[in-house]
Amino acid sequence: MQLEFLASYMPIFTSFVVLFAIYLIAALSLNMEYGYGGIPNFGHVFFISVGAYTAGVLTARTVDYLASIKAGYCSGQASVMRTAYLASHPIEAVGLFVASLILGAILGGLFGYLGSYPALRLKEDFLAITLIFIGDMGRIIARNEEGIVCALTGLTGIANPLSFIKDVNTRSIAYALIVVAFAVLAYVYVQKLAQSPFGRLLKAVRDDDLAAMALGKVVPKVRGEIMIIGSALAAIAGVLRTFYIQGVVADDFQPLITFLILTMVILGGMANNKGVILGTLIMTALDQFISPSFMSMLGITVEFDVTYMKYIIIGLIIILVLMFRPQGAIPEGPVETPALELSRSSEWDVEEKLEIGVETGSGGSEKREQGDNQPAG
Amino acid sequence: MTAILQLRDVAKYFGGIRAVDGVSFDLEERQIVGLIGPNGSGKTTLINLISGVYKPDRGKILFRGEDITGLDPWEIYHKGIVRSFQVPRLFEKMLVVENVMVAHRNQKGENPLIAPIHSKWRDQEVEYARRSLQTIREFGLSRVRNNWATELSGGQMKLVEITRSMMSEPRVLLLDEPAAGVAPKLAREIFGHIVRIRDEYGLTFLIIEHRLDILFDYVERVLVMNYGELIYDGDPEGVYKDPRVIDAYLGE
Amino acid sequence: MDLSIPLMNSLTLGSLYTLMALGLTMSFSVTKIANFAHAELVTVGGYVTALLVNWMGFGLGESLIAAFIASALLAVAMDEGVFKPMIKRGSKPLFLLVASIGIGLVVRYILFIYADLNAVITLQAQTNVQIIGRFGRAGITTMHLWIFPITIASVVLLHLMFHYTKPGKALRAMADNEDLARVSGVKIYTLRRLMWFIAGGITGVAGGLWAAYSVITPEIGWYALLRIFAASILGGLVSFWGTIAGGLIVGFAENFGITFMNTYFNVNTAYRPLISFVIIVIVLLIKPTGFAGFDLMEWIKERRKKGGE
Ligand SMILES: Nc1ncnc2c1ncn2[C@@H]1O[C@H](COP(=O)(O)OP(=O)(O)OP(=O)(O)O)[C@@H](O)[C@H]1O
Ligand SMILES: [Mg+2]
């Protein structure tokens, strides 16, 4: 009895975990670009869709070819046949999954590099405007493009790489583990990047690009690099999503998705990857639990579509955080490199007199103040 | 002596304003040269032109005989010409020590492919950190080295700005009012330090400064600008006797 | 090929875009906030108008006045409630932009809930539209008698206000000096409030006219926003005459561009918004620092000078 009860909640739990992990990759990528790099890539959803569509198109086309599926590319029949093929051909299924990840990341990086072109030329608010609309233009093209992405029908039958596993529960838990593994990898990667001279370089370019240039930093190159890295990560999130929902359709990539992810970053704390985990957790919960299906499960009837409530709350969170705690839940800290460790050691506390010139200030009072002056210690 | 930096008829106009209007001079290697002139006479603009922040409308800039006119700021930096800013431009959300660390050249860990593998750049980072901290100490900033850049006083920001420009092993340093807003004692220390660096490493300095009493104790040559033109080029003693300089800048 | 219909459509849409963009031009030039919630000022104006006309039996004129007041108050509330406190705390312009996205979401989805509960997700103000003349094959209707005069009057009045009245001149001074836009002080606050009131009001009227001209949804403002930005950006975001030119260019470029490409290249008409997007991108690439202060004549002069050398 008890077990059955728990089991009935298992799908909700796994779907939550998968979505959380996918959102986390996307949010970490936006945090790299915007939090660390200062590039307001508010067209983020576009780069996710690049990965999502890469997975969809690559898998659909390849399976149609391998299984000689003659039914229309966008038809429901083809979708059923693809699913059946992938379930019975584990090697091909896994191979396509891996290939999609690689190709998706490459294409995402390529589009990111193109996106860095306006990023070099525009002032940040105009850049934000341009990127927000870029994000939506991609969707407008996709929802009208029949031949490659099947417009509003979308690509379907992009079955899970693990669909050879017959038991649905086991399969979804296994896929959840894969996605979580990717999220962990992504976190370790961005955290390593952030806590390195590269992270410091990003922050310098973000805080004052002219000063960074004067200190020899090739700012266009740095912006290009971070857009490539960020967009490749976003695309990976898109690939994982396509295989999770087993398809991809244009209207999944509304600008609202970017704003949801942006809220994760702002709420958690910009330029703080730990904060982003927290922000993503809170916002994923909101995204999942303020939904018609969850409401009906709880037996709550609402007269209107509850997703509206979700967006109102997202809007309110954005406003309130920016008004009252713009640094987010966990504020940005310094870049933790060995240099900082060294700097924290008391060995460097003693003031040395310059060799030429007169004595500086009075040593005694300096020592006393020291404790208060070291927030990072 | 050889000329390390040469300006040939360099000009920059902002709309109708002739900010720099046909300036030519040579900087000899190991020289410490003062650049003075009334407010708005084009001194900062001149540094902006040399350092690649602005492209000149006319004229040529040569570094060791090589034409560097119109290169990007980072290219100029990598040639060995480094500048500081009149109004400090610190990286706000970074600690003082981080601000200084950024300035080092050829950092392995700045390559995103190498950056995630910390062992590849750790040694270099530690070495750079020692040099940074040493210089921070020399400039009397040890006490605030682990503070946020925004927590400094105006004078301290100025000091970080100069410390930073020193980190990059430059050949020519262009300093825009390094001692402005710095207490006289410390100002003299900074200049003493500049002389020492010149002697030790053979650097060349072009220094903008309004505090002539201090400046003239350390420089061997003075350039005076007025309305974008060079009106005096000679030793410090001559400045006080030159009628045009007196008229335009010194007053009676 | 008969061009009278696309011509009339372009003119009508161009006027509506102009009217929607005037408020953005005004608020951006004075406060330097790229206000994404501007979209919702359009939508609220549209809903107020449509509901008053359809449910209360108001005339279009009275309803537009109500729309003016509703959107004007909303605009003032946005500034007082969010932007002003944020500026006081020294927020960056980009944060103000993000906050405006937040405001937009809140207003839009409150409207959605309201519309859902009252079954007015799609809505049009039922006015008695009569054809009063012909222009080629296109009809000239009573709607056009509302849209064209209101647009022209708004541009003229704003121009007169900004050039010949004291508060108008003061607002222009604020627009020219970015620091002034961030200074606090009672007088400046009163001016700002006045500015938001007028900017919001005009935008509300534009939404109201849209509701009478065509069907609206709670997302109508968001869909129009791309065109609004394109018109404002083309107009340099500083001049009202520039905005009218921008609005018309957007109207014409979209209608003729898509008709042309559809006829000759078989391009799907749903790609219409791409034209406005391309306009934004092109203008920004010409003047990457942003459109504030962009003066076409100045730019052409500069090019000539460079070419002559
Ligand atoms: N980016 C710019 N745009 C327009 N005019 C400028 C710009 N930069 C400088 N100017 C103008 O060029 C002239 C020279 O300015 P510059 O900053 O070089 O003077 P300066 O000699 O450094 O003065 P100070 O001693 O006050 O620092 C001034 O008239 C200034 O207004
Ligand atoms: Mg100066």
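Visitor: What makes the approach between ligand 1 and the side chain of B:T44 a polar contact?

Guide: An oxygen atom of ligand 1 lies 2.6 Å from an N or O atom in the side chain of B:T44, and a polar contact is a pair of N or O atoms within 3.5 Å, so this pair qualifies. This is a predicted model, in which local features need pLDDT of at least 70, side-chain atom pairs count only at pLDDT 80 or more, and totals for chains, interfaces and linings use all residues; side-chain values use heavy atoms, without hydrogens and water. The pLDDT is the predictor's confidence in each residue, from 0 to 100.

Visitor: Which atoms of ligand 1 pair with the side chains of B:N39 and B:Y54?

Guide: For B:N39, a polar side-chain atom is 2.8 Å from an oxygen atom of the ligand, while for B:Y54 an N or O atom of the side chain is 2.9 Å from a nitrogen atom of ligand 1. Taken alone, ligand 1 has 630 Å² of accessible area, of which the protein covers 66%; such areas come from the Shrake-Rupley method with a 1.4 Å probe.

Visitor: How many residues surround ligand 1, and what makes a residue count as near?

Guide: A residue is near if one of its heavy atoms lies within 4 Å, and 15 residues surround ligand 1, with B:N39, B:G40, B:K43, B:T44 and B:T45 the closest. The shell comprises 5 nonpolar, 8 polar and 2 charged residues, where Asp, Glu, Lys and Arg count as charged, Ala, Val, Leu, Ile, Met, Phe, Trp, Tyr, Cys and Pro as nonpolar, and the others, Gly among them, as polar. Its largest share, 3 residues, comes from α1(B), helices being DSSP runs (H or I) of at least four residues.

Visitor: How do you know which chains are in contact?

Guide: Contact means heavy atoms within 4.5 Å; 47 residues of chain C meet 46 residues of chain A in this way, whereas chain B and chain C do not touch, their nearest C-alpha atoms being 10 Å apart. Of the 2 pairs of chains in contact, chains A and B share the most contacts.

Visitor: What is meant by the area buried between chain C and chain A?

Guide: Buried area is the accessible area (1.4 Å probe) that two parts lose on being put together, summed over both; here the area is about 4,100 Å², with carbon and sulfur atoms giving 79%. On the chain C side, C:L94, C:F95 and C:Y109 lose the most area to chain A, together 14% of what that side buries.

Technical notes
Residues are numbered from 1 along each chain as its sequence is written. Chains are lettered from A and ligands numbered from 1 in the order in which they are written. A polar contact is a pair of N or O atoms within 3.5 Å; within protein, one must be able to donate a hydrogen and the other to accept it, and residues adjacent in sequence count only if both atoms are side-chain atoms. Helices (H or I, at least four residues) and strands (E, at least two) are DSSP runs, numbered from the N terminus.
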